[in-house]
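Thanks for coming. Please have the sequence and the model open, and I will go through the spaces inside the protein and then the way some of its helices pack.

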Amino acid sequence: MTLRKNTAKDLWKPKRRIEEMYKRTLKQIASQIQVKLKDAKTIEEILVELKKAINSPEFSRYADRAAMKMVTSLFADAGHTWRQAARKNSKGKGIYEALKRELNGPIGGSINEQIRRNAHLIKSMPLSISKDITEHVSKEAFKGRRAEYIAEDLQKEIPTMFESKAKLIARTEVSKTSTALTKARCENMGIDWYIWRTSEDQRVRKSHYHMEGVIVNWNNPPSPEALNNEKNVGYYHAGNIYNCRCYPEAVIILDLIKWPSKVYYNGSIVRMTRKQFEEIM
Ligand SMILES: [Zn+2]
């Protein structure tokens, strides 16, 4: 791991604090369901309780509230980043103006879409656990394990199942939502390019490590795997795949970039001088 000073790009990094908060909230929601599962003695009773949770308006409200809180926190936090970026450059006034207007424009739509998407994922937790359980039960039954023992095992495993779902949702969705909000703001301001940033910790995928510092067009996402001679798993922007902590840094002003710089262009990563980049911008 390399240590480095706080630089402009750190500004754009989604705050870990928001991910932690989201994870905590999801775990609380999960534990409310788990309390109701505790008295279930058989597999059927466990599945019935999960179904009740799926259909419970109370659970649904909690999910909506959690999604809303995460998305609006990210939005407010990134707003702070944009204002700071505006302060540092000549286009600052335009950015301030755009930030003031943005809630009336397409960004309001993007925020609502992110809230809906996240609420849907939270609401799908009990259903997805139901499916995992059904699968687990048929495997164990095939091996000849008796139903009452399977139910006992499940009682022990269910908290871990919820925990890992909550963790995956928090980690993946905070990045995805943050990328979506940055993209919407860029669109609103006519900014077509961003710099792919990695979290620079040990968890960075090899294929993403190669994307660090590469300038990417919002209309043309790369396949980091294909670029790294790995199996292509799709074309996507920074932060937009499960467990990814990469994030986009908006290209607001070319003066802040060190030239020549790496650019994803025509399906590959090429080095460009500022002049070359200005021609394709
Ligand atoms: Zn990544």
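The largest cavity is lined by L11, W12, K13, P14, K15, L74, D77, A78, T81, W82, S178 and T182. Before I go on, note that this is a predicted model. A search of the whole structure finds 1 cavity of 30 Å³ or more, and the volume of the largest cavity is about 90 Å³.

Where does the lining come from? Two helices, α3 (57–87) and α7 (147–189), each supply at least two of the lining residues. The biggest share is from α3, which gives 5 residues. Sorted by class, the lining of this cavity has 6 nonpolar, 3 polar and 3 charged residues.

Since α3 and α7 both appear in that lining, let us look at how these helices meet. Their axes come within 10 Å and cross at roughly 50°. An angle of that size is neither under 35 degrees, nor over 145, nor in the range 65 to 115, and therefore α3 and α7 are oblique to each other. The crossing of α3 past α7 is right-handed. On the α3 side, the contact is made by M70, V71, L74, F75, A78, G79 and W82. On the α7 side, the partners are E173, V174, T177, S178, L181, T182, R185, C186 and M189. By class, this contact of α3 with α7 divides into 10 nonpolar, 4 polar and 2 charged residues.

If you compare the lists, L74, A78 and W82 of α3 belong to this contact and also line the largest cavity. S178 and T182 of α7 likewise take part in the contact and in the cavity lining.

Next slide: α3 again, with another partner. How do the axes of helix α1 (residues 16–37) and α3 cross? They come within 10 Å, at an angle of roughly 175°. That is over 145 degrees, and α1 and α3 are therefore roughly antiparallel to each other. From α1, the residues that meet α3 are R17, I18, M21, Y22, T25, I29, Q32, I33 and K36. From α3, they are E58, F59, Y62, A63, A66, A67, K69, M70, S73, L74 and D77. This contact of α1 with α3 has 12 nonpolar, 3 polar and 5 charged residues. M70 and L74 of α3 meet α1, and they meet α7 as well.

The third helix pair is α2 (residues 43–55) with α6 (residues 125–143), whose axes come within 9 Å and cross at roughly 165°. Again the angle is over 145 degrees, so α2 and α6 are roughly antiparallel to each other. Their crossing is left-handed. I43, I46, L47, L50, A53 and I54 of α2 are in contact with P126, L127, I129, S130, I133, T134 and V137 of α6. How many charged residues does the contact of α2 with α6 have? None; the contact has 11 nonpolar and 2 polar residues.

Now the pockets. The largest pocket has a volume of about 560 Å³. It has 25 lining residues, and the closest to its centre are I195, R197, L256, I257 and K258. Strands β1 (193–197), β3 (247–250) and β4 (261–265) are the elements that give two or more residues to this lining. By class, the lining of the largest pocket has 14 nonpolar, 4 polar and 7 charged residues.

The second largest pocket has a volume of about 220 Å³. Its lining consists of L121, S124, M125, S128, K165, L168, I169, T172, E173, K176 and Y242. The elements that supply two or more of these are α6 and α7, and α7 gives the most, with 6 residues. The classes in this second lining are 5 nonpolar, 3 polar and 3 charged. E173 in α7, a residue of this lining, also belongs to the contact with α3.

Last, two details of the backbone. Most residues other than glycine have a negative phi, and most peptide bonds are trans. N243 has a positive phi, near 60°, and is not a glycine. N243 is placed in the loop between α9 (224–227) and β3. The peptide bond from W259 to P260 is cis, with omega near -5°. P260 lies in the loop between β3 and β4.

That is my last slide.

Terms used. Residues are numbered from 1 along each chain as its sequence is written. This is a predicted model: local features need pLDDT of at least 70, side-chain atom pairs count only at pLDDT 80 or more; totals for chains, interfaces and linings use all residues. Side-chain values use heavy atoms; hydrogens and water are left out. On a 1 Å grid over the protein atoms alone, a cavity is a set of points where a 1.4 Å probe fits but cannot get out, and a pocket is an open set with protein on both sides within 12 Å along at least five of seven lines; lining residues have an atom within 4 Å of a point. Grid points are joined across faces, edges and corners, and a volume is the space filled by probe spheres set on the points. Helices (H or I, at least four residues) and strands (E, at least two) are DSSP runs, numbered from the N terminus. Ala, Val, Leu, Ile, Met, Phe, Trp, Tyr, Cys and Pro count as nonpolar, Asp, Glu, Lys and Arg as charged, and the others, Gly among them, as polar. Axes are lines fitted to C-alpha atoms, for helices over the stretch in contact, and angles run from 0 to 180 degrees between N-to-C directions. A crossing is left-handed if the near helix is turned anticlockwise from the far one by less than a right angle, and right-handed if clockwise. Contact means heavy atoms within 4.5 Å.
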